[in-house]
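Student: Could we go through this structure together, step by step, and reason out each answer with care?

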Amino acid sequence: MLQVESKLELFEDVVYKRRLTDLQKRKEAWEQEKNSLLERKEKQLNEEKDNIVRRRADLARVMGNEKIAKAKENERVLELKKINELKKDFIEAIRARAVEYTHTPQYGEDLAMRVEESLNELKPGEYRFHMVAADMDRFFDEFKAMAEEKGIVLHGETLEDARIGGHTISDMDRTYSLNYDLYTMIEDKRYAIGKLLYRLFQEEMDHE
């Protein structure tokens, strides 16, 4: 497995463990909010049903079913809202750990390895090579020399700091690119994180 991807997976595992307690607290708060909503809806349904039954039994059944369906829909919307909030927190925490990682010696070693792998995928020629400003100052000369040994000329261009670290390479006409900046790599895992959180919530619901 590639070194940078391995690091990100380790960070996800660390962040996941560190936030399990917070997730449980949020889950308990969500359960209380959900139960309170259901209790209010149930009371409201009972009151409406008693009033309607006295006038028209069929209408009571129809209205009762509609209210129950509405309560279930509200519950589903609330669940998705909580999952999205937790996913946002997870992504932000992973980004923070990635920023810390870029200040370690290991980051420089992993970055050099990934750049060499990228260069091995290219044919000799000229390419645009992008890194954040801090990394350009620290590593570009080394990577430029590495590329020249393979018959590749790199033209350095600066990525915005929001990209955190890593690198991207594109042809001079920008018709294709290799994107290995850390921001993109984390974003690529957004769906997997959301899927994990949804599965955890569903498992808890099934155990109720």
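**Exposure, contacts and the core**

Tutor: Let us begin with Val99, which has a relative accessible area of 38% in this predicted model. Where is Val99 found, and is Val99 buried, exposed or partly exposed?

Student: Val99 is found in helix H3. Buried would need a value under 20% and exposed a value over 50%, so Val99, at 38%, is partly exposed.

Tutor: How far apart in space are Val99 and Gly165, C-alpha to C-alpha?

Student: In sequence, Val99 and Gly165 are separated by 66 residues. In space, however, the distance from C-alpha to C-alpha is 7.8 Å.

Tutor: Why does Thr184 count as buried, and with which residues is Thr184 in contact once neighbours within four places in sequence are left aside?

Student: Thr184 has its place in helix H6. Because its relative accessibility is 18%, and the limit for buried is under 20%, Thr184 counts as buried. Leaving aside neighbours within four places in sequence, the contacts of Thr184 are Arg163 and Asn179.

Tutor: In soluble globular proteins, nonpolar side chains tend to be buried together. Which element gives the largest share of the largest nonpolar core?

Student: This core has 33 residues, and Leu119, Phe129, Met131, Phe143 and Leu154 are the ones that touch the most other members. Several elements supply at least two residues each, including helix H4, strand E1 and helix H5. The largest share, 7 residues, comes from H3.

Tutor: Leaving aside neighbours within four places in sequence, which residues is Phe129 in contact with?

Student: With those neighbours set aside, the contacts of Phe129 include Val115, Phe140 and Phe143. The others are Leu154, His155, Gly156, Glu157, His167, Thr168 and Ile169.

How values were computed. Residues are numbered from 1 along each chain as its sequence is written. This is a predicted model: local features need pLDDT of at least 70, side-chain atom pairs count only at pLDDT 80 or more; totals for chains, interfaces and linings use all residues. Side-chain values use heavy atoms; hydrogens and water are left out. A nonpolar core is a set of buried Ala, Val, Leu, Ile, Met, Phe, Trp, Tyr and Cys residues joined through side-chain atoms within 4.5 Å. Buried means under 20% relative accessible area, exposed over 50%, partly exposed in between (1.4 Å probe, protein chains only). Helices (H or I, at least four residues) and strands (E, at least two) are DSSP runs, numbered from the N terminus. Contact means heavy atoms within 4.5 Å.
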